[in-house]
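Welcome to this structure! Here are some numbered notes to read with the model open beside you.

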Amino acid sequence: MIPFSPPRIDDRTIKAVEDALRSGWITTGPRTKEFERKLAAYCGVERMVALNSWTNACELVLRWYGIGPGDEVIIPAYTYCATANIVMHVGAKPVLVDVLDDLTMDPEAVRKAITARTKCIIPVDIGGLPARMREIMRIAEDACVLFTPAVNLRVAGSNPQMRLGRPLVLSDAAHSFGARIDGKTLGTQADITGFSFHAVKNLTTAEGGALAFHLPQPFELEELYTFFNTMSLHGQSKDALAKTQPGAWRYDVAFPGYKCNMTDLQAAIGLVELDRYDTETLPRRKAICARYQSAFEGDDRFVLPILRDPERETSYHLYMLRIAKATEEQRDAIITAIAAHQVSVNVHFIPLPMLSFYKGQGHRMADFPNAYQQYAREISLPVYYDLSDAQVDEVIAVVKQAVSEVMG
Ligand SMILES: *Cc1c(COP(=O)(O)O)cnc(C)c1O
């Protein structure tokens, strides 16, 4: 059986977790802080905060920006439900827009969706290919004329909506750690970039996430970092490590915060993953994707994913193949035929308007024809460090045979 994307766990990972366990400090502590520093260096930003998931980290961002009932957040229809769910959690309204053929958010659709209520735009780097960040940032800047900041927000001693004066751009980079725009790793393109370290992602901490801050003056990055840390720990003025200092028992609670900090056990895994990310993980993933690409190109039954163009390079998170003329039913039958040969594939993603809850909220698939068109013929093939060339060739043979069986 060829699985879809098992994590890479070897002796080095196990040793790192064992060392953390034996150190006697297992919650947020020195390893998490070191992981944050190294993540920031990798992403080219001054400060990053590591938390327990993309979902909680990005939900904190919406809360920090004071987004709530009456506000709108623009997201693509083609994404994982987390992007929309965090908007629901804060009581705001997700406004869906269609995607381009490369599966990223259509900037022109974003421009049309902007209203005076738009407080945030969340582009998604599907499969690891960065969204059109330059265009989306320009649209957010142009939106300052319509933007109406909430007046009575008091967050971190300031009102971030007043300070920024336009919709916040929060990048859903759950797939795209290490992807590049104009040769630069992601972190400095959006106002805030959110990464996921979930078990299936390129760089994992079992569960985890991080935020890279790149807000313009007069935002103070150190103040932001402190605020997000405090917000992830009940609004408590001291974290557990600080309280272990002799006599340092007293603390205060400035506001009712959340609980979504990263543990040092997670950070121990992350430090190993990060250390070999550029030297081992990305090159192997890239080689696997290149092998798929050369097997399917020139065969007009297939539409190949974009892995790089003059501006962008993917993180090689997903290999999102599309079957040129397949209907949704034919695509499903192809997956059944592939599964019969013990190969696991996946579909990324079922567009939000097809999921019961979002359908019930009145979102209609017919309003996002390209998202449906891409989804209906999409099949993601296995990509992971331990997948051998021989296994890649087996996947290719099985996919081609399944397509012949179903499409004739
Ligand atoms: C995985 C994923 C998330 C959520 O990440 P978690 O760390 O599991 O919260 C968000 N957006 C997209 C596109 C994802 O694939």
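1. Let us begin at a loop. Pro218 sits in the loop that runs between strand E9 (209-213) and helix H8 (221-231). The peptide bond leading from Gln217 into Pro218 is cis, and its omega is near 5 degrees. Please keep in mind throughout that this is a predicted model.

2. A second cis bond deserves a look. The peptide bond from His348 to Phe349 is cis as well, with omega near -10 degrees. You will find Phe349 in the loop between helix H12 (328-339) and helix H13 (356-360).

3. One more backbone detail concerns His234. This residue belongs to the loop between H8 and helix H9 (240-243). Its phi is near 65 degrees, which is a positive value in a residue other than glycine.

4. Now for the overall layout. The domain assignment splits the chain into domain 1 (11-274) and domain 2 (277-407). Between the C-alpha centres of domain 1 and domain 2 there are 27 Å. Domain 1 brings 43 residues to the contact, and domain 2 brings 35 residues.

5. How much area is buried between domain 1 and domain 2? The figure is about 3200 Å², and carbon and sulfur atoms give 56% of that area. On the domain 1 side, the residues that lose the most area to domain 2 are Tyr78, Leu96 and Asn202; together they account for 21% of what that side buries.

6. Next, try a helix pair in domain 1. Helix H3 (residues 54-64) and helix H4 (residues 81-89) have axes that come within 9 Å and cross at roughly 45 degrees. The two helices, H3 and H4, are therefore oblique to each other, and H3 passes H4 in a right-handed crossing. From H3, the contact uses Trp54, Thr55, Cys58, Glu59, Leu62 and Arg63, while H4 supplies Ala82, Thr83, Ile86, Val87 and His89. Sorted by class, this contact of H3 with H4 holds 6 nonpolar, 3 polar and 2 charged residues.

7. Over in domain 2, look at helix H11 (residues 277-296) and helix H15 (residues 389-407), which pack at an angle of about 35 degrees with their axes 10 Å apart. The crossing of H11 and H15 is right-handed. On the H11 side you can pick out Arg284, Ile288, Arg291, Tyr292, Ala295 and Phe296, and these meet Asp389, Val392, Asp393, Val395, Ile396, Val399 and Lys400 of H15. The classes in the contact of H11 with H15 are 8 nonpolar, no polar and 5 charged residues.

8. H15 has another partner, H12. The angle at which H12 and H15 pack is about 135 degrees, and their axes are 9 Å apart. That angle makes H12 oblique to H15. The crossing in which H12 passes H15 is right-handed. Which residues of H12 meet H15? They are Gln330, Ala333, Ile334, Ala337 and Ile338, and their counterparts in H15 are Val398, Val399, Ala402, Val403, Glu405, Val406 and Met407. By class, the contact of H12 with H15 is made up of 10 nonpolar, 1 polar and 1 charged residues.

9. A last pointer for your own viewing: Val399 of H15 is worth selecting. Val399 is listed in the contact with H11, and Val399 is also among the residues of H15 that meet H12.

Notes:
Residues numbered from 1 in each chain as written. Predicted model: local features only at pLDDT ≥ 70, side-chain atom pairs only at ≥ 80, totals over all residues. Heavy atoms only, no water. Axes fitted to C-alpha atoms, helices over the stretch in contact; angles between N-to-C directions. Helix = DSSP H or I, 4+ residues; strand = E, 2+ residues; numbered from the N terminus. Parallel < 35°, antiparallel > 145°, perpendicular 65-115°, else oblique. Left-handed = near helix turned anticlockwise from the far one by under 90°. Contact = heavy atoms within 4.5 Å. Nonpolar A, V, L, I, M, F, W, Y, C, P; charged D, E, K, R; others polar. Domains from an automatic or database assignment. Buried area = accessible area lost by both parts, 1.4 Å probe.
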